[in-house]
Every structure is written in C-alpha cells, then in structure tokens.
Amino acid sequence: MTHNTRPGRPAAQAGHAVVVGGGLAGVTTALALADAGVRVTLLESRPRLGGLAFSFQRGALTVDNGQHVYLRCCTAYRWFLERIEGAALAPLQDRLDVPVLDLARPEGRRLGRLRRDALPVPLHLGRSLASYPHLSLADRARVGRAALALKGLDLADPALDTQDFGSWLAAHGQSARAVEALWDLVGVATLNAVASDASLALAAMVFKTGLLSDPGAADIGWARVPLGDLHDRLARKALDSAGVRTELRARVTALSANADGQWTVQVPGETLEADAVVLAVPQREAHDLLPAGALDAPERLLEIGTAPILNVHVVYDRKVLGRPFFAALGSPVQWVFDRTDASGLREGQYLALSQSVAQDEIDEPVAVLRERYLPELERLLPLARGADVRDFFVTRERTATFAPTPGVGRLRPRARTKASGLYLAGAWTATGWPATMESAVRSGVSAADAVLGALGRPRPHALFEFEEAA
C-alpha cells in the first residue's frame with residue numbers, strides 16, 4: 001500500500017467513510033463526502049486513480065486507453081471537472097459540429113456535417129438535417145417526425161426499458177440507412193450498442209437529453225491533455241486538499257458489518273473501521289464483496305452484461321488529418337480523433353480510432369487489425385496514402401461499459417442497499433444514464449447524498465448545483 005501525507009482532520013468532521021474504488025464514481029463520492037465534513041479513506045487496487053479513463057506511457061507518447069468525450073448536457077461531469085480544477089483542460093465546442101465522411105459516396109461529395117444553429121429546439125438542428133447529404137430527402141423528413149415522437153416519450157415509463165430502440169425506430173418510419181447514418185452514428189458512440197440491441201429507455205434518454213432538451217446540450221467536449229492529468233493527477237490533488245486519505249494498490253479482501261453498526265474493511269496489512277462504506281467498483285466485484293442480505297437479488301448484478309470497446313492507435317510521419325475529429329460511414333472505422341498535441345508527439349500525427357460495439361474484433365491479433373484499418377484510413381484520408389506509419393498499436397477494454405440491453409434497467413441497483421451503512425456507486429448503478437463518465441459521477445453524488453443523510457450531515461449546496469443546471 002502506498003501512503004501519502006494528508007492534512008489533519010478538521011475539527012468539524014464527523015463519521016468515517018471508506019470508499020472502495022478510485023474511478024470517477026469513487027473519487028466523486030470521496031470528494032463530496034469530504035466537502036461535507038466527513039473523514040474519508042479512498043481505497044484503490046490499481047497504482048493510479050481514474051478507473052477505465054486513464055493514460056499510460058508508450059515510449060515518449062502519453063496514450064489514453066481510449067478516447068473519452070462528454071457533452072454540454074453532462075452537468076455532473078462538468079461539475080467534477082470544475083471541482084478538480086480541470087475544466088479548462090477539457091473544453092467544449094462553441095457549437096456542435098461533427099464532420100461525417102461517407103466512403104460510399106463519390107469523391108468530392110463524401111463530407112457531411114451535423115451542426116446546430118443558435119435557434120430553439122428542435123429548430124437548432126433543422127438546417128443541418130435539411131442539408132445532410134448522407135440521407136435522402138424522404139429520410140430527412142421522417143427523421144424529423146421520429147425526433148418529435150421521441151421528444152414526447154416519458155422517460156419515467158418503465159415500459160420503455162422492455163423495448164429495443166431499433167424496433168421503435170422501424171415503427172416510426174426510420175430506414176436502415178437513417179439508422180446507420182444518424183441514429184447509430186450517435187447511439188453507438190454513446191450507448192456502445194446498435195439500436196436493435198439498445199434499451200429504448202436509455203436511447204430515448206440520450207437523444208432527448210442530448211439533442212432535444214437545449215440547443216447547446218450536444219456540444220462536444222474532450223480532454224486536450226492526457227486523461228491521467230485529469231482523473232489521476234488533478235483528482236489526487238483535489239482529494240489531498242480535501243483531506244481524503246488515498247491508498248493505492250490497496251485491494252479490499254473482506255467487508256463485514258459489526259454488531260455496533262460499524263463496518264470492518266480488510267486490506268492487506270490493515271483493518272479499517274467505518275461508519276459507512278461505498279462500493280464504487282464494477283458490478284461483479286461489488287457482487288463478490290456484498291454481504292448476505294445487502295440486496296434482495298444480488299445475482300441481478302451478474303446479469304448486467306458488459307460490452308467491449310477497441311481503440312486503434314496510429315502514428316504517422318506527417319499530418320494526414322486537418323480537423324480535430326470526424327466520424328465515418330461506409331467503413332469499419334467509426335470515430336477518429338487527433339491526439340498529437342495531447343500525447344506529447346513532437347513531429348508527425350497521432351490518430352486514435354474509437355471502435356464501439358467491438359465484440360467481433362476485441363480479441364483479433366494486432367496484425368489482422370493493422371491489415372484492416374490502415375487501408376481504411378487511406379481511403380478516408382488521402383494524405384495518409386503517402387505517409388509512413390511509425391507506430392500501430394491497440395488498446396482493448398473488454399468490459400468497457402455495461403451492455404444497455406432492453407431490461408437492464410430492472411437490474412441496476414440504487415445507491416442504498418438493505419445493509420445499513422453500505423452503499424453502491426458506479427456508472428452501472430441506477431442513474432438513468434448509459435455507461436458514461438456522466439453516469440459515474442452522478443452515481444458518486446447519489447452515494448454521497450445517501451451517506452450524508454444517514455450520518456445526519458447537511459448536503460453542501462455546491463455539490464448539487466449541477467442538478468439545478470440539468
């Protein structure tokens with residue numbers, strides 16, 4: 001276990017909470033509790049914070065394990081960035097603008113754009129859809145009608161979670177082309193599932209919140225620095241300043257309730273006593289740590305499926321892409337981001353391809369992926385045809401997200417368990433959001449709120465400002 005020196009415990013602190021897991025959910029929980037005057041110990045089994053949104057070194061390159069983005073409507077993650085003093089390092093677009101290249105179209109007519117105007121919803125996307133070249137005139141009209149029907153859905157209706165988004169789209173006149181060129185273009189990236197495999201409840205939440213709630217809701221933000229700078233370095237600095245004791249390489253081996261209402265948490269070399277414990281770990285790990293009786297049906301956690309994301313990394317000897325990112329149609333390539341500056345590359349260009357719904361590719365050898373993706377990049381980017389590839393590698397997240405399948409809503413638990421003093425956090429819990437950084441932060445806030453209620457501590461107003469902004 002690594003020990004760090006922490007500021008002394010403020011006199012106003014009351015109660016001790018142990019947070020297990022140092023991803024975004026766990027860090028959020030720890031910060032929220034510390035800000036409310038609770039003494040907090042954060043335990044993370046890895047040698048770093050950040051969970052699945054992290055960086056590593058590859059020679060001189062600083063590499064993110066995968067490209068992560070957020071939207072202006074992600075008010076909880078935006079609060080998190082502000083709280084760790086990292087908002088300026090992950091700015092938002094001034095206005096939604098997504099270049100979409102379609103290889104199936106003739107050269108010179110391949111580029112379309114999804115962008116918004118400064119008009120009220122739904123007119124903010126009207127001009128963009130009217131001129132979107134990747135849909136027929138009839139498809140564009142039907143998309144507008146489906147969007148209005150989507151806007152009318154009640155997200156609180158549990159029946160939505162029993163249906164799949166693809167069937168709903170087909171019932172509302174959406175062609176296979178419209179699904180590919182618009183609905184899945186957005187949905188695959190946000191849900192990590194194609195429409196036919198996605199819960200209507202989660203898909204409706206994504207599209208209603210992102211595209212149909214506020215004109216700027218879908219403006220895209222991403223880190224201009226390595227993710228580790230945000231989710232590890234700045235997060236750790238914020239935890240230190242808040243008085244949180246952070247222990248890395250500290251794997252919890254046992255968790256038990258005491259007769260006096262306290263909890264005992266075992267890590268190698270130490271036994272911790274706590275008034276509250278928050279399990280901010282993946283669902284299978286949470287299942288294994290839960291004491292008997294903590295959930296009515298703990299086996300449901302094991303029924304929450306997972307979905308992989310494959311990330312393809314290519315370093316060229318020269319610049320081949322002139323924009324920050326683009327999405328692709330008519331190609332195995334999905335989204336491509338320029339990571340040159342963020343990685344510290346001094347010459348050439350470094351592109352990262354984010355490939356969601358990667359079940360068929362996640363275990364394929366690097367050589368096979370290289371043979372598939374380098375020719376595709378040459379088809380998409382003419383300047384790549386004469387460039388030398390200086391490095392090609394992949395990162396694989398086999399359990400990147402929970403699978404947003406129909407019926408998953410009934411499997412996702414809330415923050416409170418039936419065991420007094422024991423709480424759950426994680427993007428997979430019942431936040432109403434798919435498996436995103438936003439969902440992770442929201443789950444941490446929910447868990448902290450539950451702990452504060454049990455300990456009789458007031459909610460810090462600043463912590464919940466994002467709820468008012470949502």
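This report covers an annotated domain, one helix, one sheet and a pair of cysteines in a predicted model.

## Annotated domain

An unreviewed UniProt entry places the feature "domain: Amine oxidase" at residues 24-452. In the model, helix makes up 32% of this span and strand 22%. The C-alpha atoms at the two ends of residues 24-452 are 19 Å apart.

## Helix α4

Helix α4 covers residues 137-151, 15 residues in total. At 1.5 Å a residue the expected span is 21 Å, and the end C-alpha atoms are 22 Å apart, so the two values agree.

The buried residues of α4 include D139, V143 and A146. A147 and L150 are buried as well. Viewed down the axis of α4, the buried residues fall within an arc of 105°, which means that they line one face of the helix. The general background is that an α-helix has 3.6 residues a turn, so residues three or four places apart point the same way. On the other side of α4, the residues L137, R145 and L148 are exposed.

## Sheet β10-β11-β12

An open sheet is formed by 3 strands in the order β10-β11-β12, with antiparallel pairing. Its edge strands are β10, at residues 254-257, and β12, at residues 270-274; each of them pairs on one side only. Neighbouring strands in this sheet are turned against each other by 20° on average, with direction ignored.

Strand β11 occupies residues 263-267 and pairs with β10 in the antiparallel sense over 4 bridges. Within this pairing, A254 stands opposite Q266 of β11. In general, strands of a sheet pair through backbone hydrogen bonds, either parallel or antiparallel.

## Cysteines C73 and C74

The disulfide count for the model is 0. C73 is in no disulfide, and the cysteine sulfur nearest to its own, that of C74, is 4.6 Å away. Seen from the other residue, the closest cysteine sulfur to that of C74 is in C73, and at 4.6 Å the separation is too far for a bond. The cut-off behind this reasoning is that a disulfide needs the two sulfur atoms within 2.5 Å.

Both cysteines can also be placed by accessibility, where buried means under 20% relative accessible area. C73 has 12% relative accessibility and therefore counts as buried. C74, at 8% relative accessibility, counts as buried too.

How values were computed
Residues numbered from 1 in each chain as written. Predicted model: local features only at pLDDT ≥ 70, side-chain atom pairs only at ≥ 80, totals over all residues. Heavy atoms only, no water. Pairing = 2+ DSSP bridges. Axes fitted to C-alpha atoms, helices over the stretch in contact; angles between N-to-C directions. Buried < 20%, exposed > 50% of the residue type's maximum accessible area, 1.4 Å probe, protein only. UniProt positions renumbered as here; feature names shortened; annotations may be inferred. Expected span 1.5 Å × (residues − 1). Arc of directions from axis to C-beta.
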